[in-house]
Amino acid sequence: MSLPRTLLIAASAFGLIGLQAAAQAAVAPQDLVAPITDYKLYVLDNLEQFTSHSREFTDAIKAGDLAKAQELYAPSRVYYERIEPIAELFADLDASIDAREDDYEKGVKDPVFTGFHRLEYGLFHDQSTDGMQPYAERLMSDIEDLDQRVQGLTFPPETVVGGAAALMEEVAATKVSGEEDRYSRTDLWDFQGNVDGAKKIFELVKPLASKEDAAFVERVEDNFASMEATLSHYYVEEGNVESGFVTYDKVSDADRRALVGPVTVLAEELSTLRGLLGLN
């Protein structure tokens with residue numbers, strides 16, 4: 001009789017490496033199986049959505065539909081932003097999917113510069129889909145490759161738990177400054193994706209963290225609530241339908257500075273989460 005899907009995912013998500021690492025932790029190894037398994041399910045679900053939305057996005061580019069491609073750029077990326085701690089385990093794919101022009105000596109003209117930000121330049125700077133078809137095809141190929149690699153991946157507990165802080169540190173480093181999506185100005189979409197991913201990790205291990213330091217958990221919850229309340233001010237709504245975020249150029253310098261504090265505090269607090277669980 002075959003094992004249920006969740007048990008198969010648990011085996012591949014945690015693996016012997018994960019069990020050995022957890023054996024050194026402050027929490028019992030079996031206590032980490034469920035949150036790591038649930039996180040892999042979360043990653044796989046987001047990968048499925050990422051693949052589907054990105055296919056629609058790249059199809060629009062190949063069809064020469066500039067307006068549709070621009071509209072789908074940010075909603076496609078948000079799924080990747082949520083799962084970056086895992087995606088970044090594959091450095092080659094992370095570079096080809098999400099690198100920025102600053103990472104290349106020749107910038108946007110560098111022949112090896114591919115992925116979302118190469119497409120962003122064409123769609124929002126050049127305002128054209130001309131010449132973007134090969135980049136769209138390469139992006140979909142890389143995304144499908146990522147999906148396949150993650151399916152059987154062992155998720156190290158220390159990487160998962162540490163990913164919460166890594167996501168908030170990325171917000172502080174590249175999102176608040178506005179350098180991530182400098183042409184589309186869709187930075188708040190990426191901002192929200194990173195917050196979503198960090199909060200998911202925290203929520204999954206919160207019962208374990210509460211046993212170690214309930215006051216810490218309460219502080220983190222309050223800071224997440226504050227962050228989400230701040231972001232909610234920048235949603236664009238039409239009637240009762242939420243349609244997305246304002247472009248980042250509409251966020252004042254004062255408001256950008258106001259975001260730095262909560263982001264920095266969350267990043268610092270979450271950086272202690274792995275140690276709290278004995279996973280350093």
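**Exercise 1.** In this predicted model, classify D59 as buried or exposed, or in between, and find its salt-bridge partner.

*Solution.*
- Start with D59. Its relative accessible area is 40%.
- Buried means under 20%, and exposed means over 50%. D59 is therefore partly exposed.
- Now the partner. The side chain of D59 meets that of K62 in a salt bridge, at 3.8 Å from N to O.
- K62 is also partly exposed, with a relative accessible area of 40%.
- Place the pair. D59 and K62 sit three residues apart in helix α2 (residues 29-62), so about one helical turn separates them.

**Exercise 2.** Work out where R138 and D142 lie, and state whether each is buried or partly exposed.

*Solution.*
- Both residues belong to helix α7 (residues 133-151). They are four residues apart, about one turn of the helix.
- Their salt bridge has its closest N and O atoms 3.0 Å apart.
- R138 has 40% relative accessibility, so R138 counts as partly exposed.
- D142 has 6%, so D142 counts as buried.

**Exercise 3.** Which parts of the chain does the salt bridge between D102 and R182 link?

*Solution.*
- Take the contact: the closest N and O atoms of D102 and R182 are 2.8 Å apart.
- Locate each end. D102 is in the loop between α5 (91-98) and α6 (116-125). R182 is in the loop between α8 (157-175) and α9 (187-212).
- The two residues are 80 apart, and the pair links distant parts of the chain.
- R182 is partly exposed, at 27% relative accessible area.

**Exercise 4.** How many salt bridges does the whole structure hold?

*Solution.*
- A search of the whole structure finds 23.

Technical notes: Residues are numbered from 1 along each chain as its sequence is written. This is a predicted model: local features need pLDDT of at least 70, side-chain atom pairs count only at pLDDT 80 or more; totals for chains, interfaces and linings use all residues. Side-chain values use heavy atoms; hydrogens and water are left out. A salt bridge is a side-chain nitrogen of Lys or Arg within 4 Å of a carboxyl oxygen of Asp or Glu. Buried means under 20% relative accessible area, exposed over 50%, partly exposed in between (1.4 Å probe, protein chains only).
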